[in-house]
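Hi,

Here is the structure I promised to pass on. Have a look at it first, and my notes follow underneath.

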Amino acid sequence: MIKVSDTAKKKVIELMTDDGYNPTVDFVRVGVKSGGCSGLSYDLKFDKENQEGDKVFEDNGVKIIVDKKSFLYLIGTTLEYSGGLNGTGFVFNNPNANRTCGCGESFSL
């Protein structure tokens, strides 16, 4: 399961609405792909449909879908949003990551 912090929830709802998605029925698709300075990187986008094999979650009022392959890398992850002086954007707090890069967008196991 993936958890969503209160600050991330507010930003997700704002961005989904701005992009023409309905936060009460549409999804945030979270995935992992090869690449980034640590070997794997996070992928985050909005989606209206779930595909065969997707895992569907809801936390803090946000609907999340994860493909089966990415799910193994993301178990226990919390999606947060940081708007501070050190950078603005979504942050993944992943307990499975052994190493992350400076920007926090890639990791390795």
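**The β4-β5 hairpin and two charged residues**

Strand β4 (residues 55-59) and strand β5 (residues 62-66) run antiparallel, and five bridges join them. Before going on: please keep in mind that this is a predicted model. The two strands form a hairpin, with two residues between them. In that turn sits Asn60, which has a positive phi of about 55 degrees.

I spent most of my time on Lys63, which is found in strand β5. Which residue stands opposite Lys63? That would be Glu58. The side chains of Lys63 and Glu58 are also joined by a polar contact of 3.2 Å, so you can follow this pair both through the strands and through the side chains.

Lys63 has other company too. Once you leave aside the neighbours within four places in sequence, Lys63 is in contact with Thr24, Val25, Asp26, Phe27 and Val28, and also with Phe57 and Glu58. Take Asp26 from that list: Asp26 and Lys63 are 37 residues apart along the chain, yet their C-alpha atoms are separated by 6.9 Å.

The other residue I'd click on is Asp47, in strand β3 (residues 40-47). Is Asp47 buried or exposed? Its relative accessible area is 18%, and the cut-off for buried is under 20%, so Asp47 counts as buried. The side chain of Asp47 has a polar partner: it makes a polar contact of 2.8 Å with the side chain of Arg29. Arg29 also turns up among the contacts of Asp47 outside the four places on either side in sequence, together with Tyr21, Asp26, Phe27 and Ile65. Asp26 and Phe27 are therefore on the contact lists of both Lys63 and Asp47, by the cut-off of heavy atoms within 4.5 Å.

Now for the overall picture. The protein has two helices and nine strands. Reading from the N terminus, the order is β-α-β-β-β-β-α-β-β-β-β. There are 109 residues, and 38% of them count as buried. About 6,300 Å² of the protein is exposed, with carbon and sulfur atoms supplying 49% of that area. As for contacts with a separation of 6 or more, 52% are between residues 24 or more positions apart.

If you open the model, I'd start at Lys63 with Glu58, then go to Asp47 with Arg29.

Cheers

Methods: Residues numbered from 1 in each chain as written. Predicted model: local features only at pLDDT ≥ 70, side-chain atom pairs only at ≥ 80, totals over all residues. Heavy atoms only, no water. Pairing = 2+ DSSP bridges. Helix = DSSP H or I, 4+ residues; strand = E, 2+ residues; numbered from the N terminus. Buried < 20%, exposed > 50% of the residue type's maximum accessible area, 1.4 Å probe, protein only. Areas by Shrake-Rupley, 256 points an atom, 1.4 Å probe, with all protein chains shown as cover. Polar contact = N/O pair within 3.5 Å; in protein donor to acceptor, adjacent residues only side chain to side chain.
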